[in-house]
Amino acid sequence: MDAEAARAKLEAAKEKYGREIHVFETSTASSHSPPEASNPEETDDFFEFTAADYHLLLSTKKEDKYLKTKKIREAETAARRSRITKAVIRIRFPDNHTVEATFHPSEPLQTIFDLLKKVLAKPELPHYLYTTPPKKQIKDKNQDFFAAGFIPGAIVHFSYDLPKDDDETVSGPFLQEDVMSLKGLDLVPAEPVKEGSESTSEDVTVSDPPVVPERKPADKKAIKPKWLKM
């Protein structure tokens with residue numbers, strides 16, 4: 001598929017599902033660097049909450065508690081919210097496929113579940129989302145992405161809420177055919193605008209700079225000192 005066709009298909013999907021989405025497959029051998037991610041600069045490590053992040057958050061909270069008033073904390077929180085304009089969420093499925101979608105930080109987590117209803121092959125089956133580690137099911141769907149800590153992005157995992165012995169829990173496909181057809185597609189940058197045609201040497205007449213005559217210093221008349229007698 002050429003670049004224009006891929007672009008048109010992604011734009012049509014954005015119109016249909018209400019937001020920009022990308023689909024790629026995560027290699028089981030290298031789950032931390034999906035080869036077909038829509039944004040290769042943002043690996044899974046970008047979305048993981050590390051121990052360093054925890055200690056930084058903890059120290060920030062302690063500082064806020066003892067050194068800053070409630071009004072200052074609220075102002076700083078509002079400032080941080082205003083600077084963040086999107087939340088990139090990756091939804092992982094048991095068959096190693098991932099749907100990446102962009103949300104606004106002020107939207108509720110319910111919007112993820114609304115998107116799932118549009119892209120799932122079997123939306124009628126009970127399902128849930130969870131984060132890991134440790135495994136924690138997302139239950140409060142009314143909180144926004146900022147409050148949930150899903151800023152600037154996060155990885156959530158999909159699972160059917162069915163008995164373990166039910167074949168539906170492991171069988172795929174999990175996504176609709178139209179969604180799977182987006183796999184590997186990405187927005188291809190537009191062709192660079194061609195610069196204006198360069199003028200050839202025949203079109204341009206190069207004139208030599210005007211010759212400025214060299215100014216010679218004026219001859220100074222020798223003045224004899226008064227004390228010198230000839």
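## Exercises on strand β4 and its surroundings

The largest nonpolar core has 35 residues, and those with the most contacts inside it are Ile89, Ile91, Phe93, Leu116, Leu129, Phe145 and Phe158; a nonpolar core here is a set of buried Ala, Val, Leu, Ile, Met, Phe, Trp, Tyr and Cys residues joined through side-chain atoms within 4.5 Å. Among the elements that give two or more residues to this core are β2, α4 (110-119) and β6, and α4 gives the most, with five residues.

This is a predicted model, in which local features need pLDDT of at least 70 and side-chain atom pairs count only at pLDDT 80 or more, while totals for chains, interfaces and linings use all residues. Residues are numbered from 1 along each chain as its sequence is written, and side-chain values use heavy atoms, with hydrogens and water left out.

**Exercise 1. Determine where β4 stands in the sheet and which strands pair with it.**

Begin with the terms: strands (E, at least two residues) are DSSP runs, as are helices (H or I, at least four residues), numbered from the N terminus, and two strands pair if DSSP finds at least two bridges between them. Next, read the order of the open, mixed sheet of six strands, which is β1-β3-β2-β6-β4-β5. β1 (21-25) and β5 stand at the edges with a single partner strand each, so one side of each is left without a neighbour in the sheet. Then take the partners of β4: it pairs with β6 (residues 153-160) in the antiparallel sense over four bridges, and two bridges join it, also antiparallel, to β5 (residues 136-137). Finally, place individual residues: Leu129 has Phe158 as its bridge partner in β6, whereas Thr131 stands opposite Lys136 in β5.

**Exercise 2. Decide whether the faces of β4 are buried or exposed.**

Buried means under 20% relative accessible area and exposed over 50%, with partly exposed in between (1.4 Å probe, protein chains only). In a regular strand the side chains alternate between the two faces of the sheet. His127, Leu129 and Thr131 on one side of β4, and Tyr128 and Tyr130 on the other, are all buried, and both faces are therefore covered. For Leu129, the contacts (heavy atoms within 4.5 Å) include Ile91, Leu116 and Phe158, not counting residues up to four places away in sequence.

**Exercise 3. Describe the surroundings of Glu107.**

Glu107 lies in the loop between β3 and α4. Leaving out residues up to four places away in sequence, Glu107 touches Arg19, Gln143, Asp144 and Phe145. The C-alpha atoms of Glu107 and Asp144 are separated by 5.2 Å, although these residues are 37 residues apart along the chain.
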